[in-house]
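Work through the exercises below with the sequence and the 3D structure at hand. Try each task before reading its solution.

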Amino acid sequence: MDAQIVRLADEYRSRYHQTGSVKENLRRLYDEYVKRRQQAVLDAAAAAGAVYALFHADYIDTSKITPQMEEAFRLAFPGKDISSLREYSPEQLEGIVSAWKGKYFEVLVRDKLNSGDWVGDIHLEPGQVAVLAESPTQPGWDLQILNHDGSVAQELQAKATESLSYVKEALEKYPDIHVIVTDEALQNGADALGGVMGSEISDDAITEQIIEPMKSLFDTTWENLCETVLPILPFVLIIGSEGKAYLVGKKSAEQALSSAIERGIKSGAAIGVGAIVALMNGGLLRLPASMLTRLGIERYQILRKVAQRMEQRIQEIRALPARCV
């Protein structure tokens, strides 16, 4: 009986080219699993980086653009679409932000008046309404207060600036039109000028609101370079690691190519899931979604292969005694 067991073990070992003790074989199997797991984690991180770069570079977060901001942009730049801002350099965008902010300030002041709030010493009477100039280059006034019959009750200027000289210039050019200014202008001495009213609106706050949706458009050269490299990084890493395995003799050319294609497909699937989450306004959830997809695919494949091998070995072991009788 002992001789038969030894003979069965020798036959099984020779059939699958097993050498060394069971402990050594288990150790090799464990090392292979750890290496594959580390490789999967690296691929997952690279895929997440690719998703981040794809949906961060030249990205305008429209979810942060309020209806008031959208209206202000349309009034400041008739016929221009917000998405076209990706075509401008950071220097050009500074001018656009300034004009957009100015019109946004006018929209906020108008809505504040129409909602029944006080702006300086101005409060609308029953039947009155505040309206904006339709043209972005309207001379003199920016807002009008109209009576219920459509007649003009008052004209106003609205200046979103911290500069006291800019406010003085507006008053000197149109002395009969009062100027509504931001908190910063008042703090810089505009309250001492005749014909100036505060709005209780911060210039810094509305500037930040305008910039927030398009922060990525102001990236530095280094950030732009990273955003160009990261989308292709997963595939560069795959080609590099599989190429190295071939060069050092760990894999044949066919094995390296097959492994590279398989890993590339997995990374592509992970990037695709992250892209779907991003397009659904998932925000930063796109990063863990991408990583978990890549790791999940790897885990599923490992467990599937283990189950298949176990089933195959069980069937073969069951068949061995019959062949050895």
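The exercises go from the whole chain to single residues.

This is a predicted model, in which local features need pLDDT of at least 70 and side-chain atom pairs count only at pLDDT 80 or more, while totals for chains, interfaces and linings use all residues. Residues are numbered from 1 along each chain as its sequence is written, and side-chain values use heavy atoms, with hydrogens and water left out.

**Exercise 1. Confidence**

Find which element of the protein chain has the lowest mean pLDDT and which has the highest.

Solution.
- Step 1: pLDDT is the predictor's confidence in each residue, from 0 to 100. Its average over the protein chain is 80, and 75% of the residues score at least 70.
- Step 2: Helices (H or I, at least four residues) and strands (E, at least two) are DSSP runs, numbered from the N terminus. The protein chain has 11 helices and 5 strands.
- Step 3: Among these elements, the lowest mean pLDDT, 49, belongs to helix α8 (residues 221–229), and the highest, 97, to strand β1 (residues 129–132).
- Step 4: Over residues 220–225 pLDDT stays under 50, and the model has 1 contact (heavy atoms within 4.5 Å) beyond four places in sequence for them. Where pLDDT is low, the predicted coordinates should not be read in detail.

**Exercise 2. The largest nonpolar core**

State how many residues form the largest nonpolar core and which of them touch the most other members.

Solution.
- Step 1: Buried means under 20% relative accessible area, exposed over 50%, and partly exposed in between (1.4 Å probe, protein chains only). Of the 325 residues of the protein chain, 36% count as buried.
- Step 2: A nonpolar core is a set of buried Ala, Val, Leu, Ile, Met, Phe, Trp, Tyr and Cys residues joined through side-chain atoms within 4.5 Å. The largest one holds 37 residues, of which Leu 85, Trp 100, Phe 105, Val 109 and Met 214 touch the most other members.
- Step 3: At least two residues of this core come from each of α3 (67–76), α4 (90–114), β1, β2 (143–146), β3 (152–159) and α7 (203–211). Helix α4 supplies the largest share, 10 residues.
- Step 4: Another core, apart from this one, has 8 residues, including Val 167, Val 181, Ala 185 and Val 196.

**Exercise 3. Two helices that cross**

Describe how α4 and α7 cross and which residues meet there.

Solution.
- Step 1: Axes are lines fitted to C-alpha atoms, for helices over the stretch in contact, and angles run from 0 to 180 degrees between N-to-C directions. The axes of α4 and α7 cross at roughly 120° and come within 10 Å.
- Step 2: On the α4 side, Val 97, Trp 100, Lys 101, Tyr 104, Phe 105 and Leu 108 take part; they meet Asp 203, Ile 206, Thr 207, Gln 209, Ile 210 and Ile 211 of α7.
- Step 3: Phe 105 also touches residues such as Ala 158, Ile 180 and Ser 199.

**Exercise 4. Two lysines of α4**

Decide whether Lys 101 is buried or exposed, then do the same for Lys 103.

Solution.
- Step 1: Lys 101 lies in helix α4 and is buried, because its relative accessible area is 12%.
- Step 2: Beyond four places in sequence, Lys 101 is in contact with Ala 160, Asp 203, Ile 206, Thr 207 and Ile 210.
- Step 3: Lys 103, also in α4, is buried because its relative accessible area is 6%.
- Step 4: Beyond four places in sequence, the contacts of Lys 103 are Ala 72, Leu 75, Ala 76, Ala 133, Ser 135 and Pro 136.

**Exercise 5. Two glutamates**

Why does Glu 71 count as buried, and why does Glu 200 count as exposed?

Solution.
- Step 1: Glu 71 is part of helix α3. Glu 71 counts as buried because its relative accessibility is 19%.
- Step 2: Leaving out residues up to four places away in sequence, Glu 71 touches Val 107 and Arg 110.
- Step 3: Glu 200 is in the loop between β5 (196–198) and α7. With a relative accessibility of 67%, Glu 200 therefore counts as exposed.
- Step 4: The phi of Glu 200 is near 60°, a positive value in a residue other than glycine.
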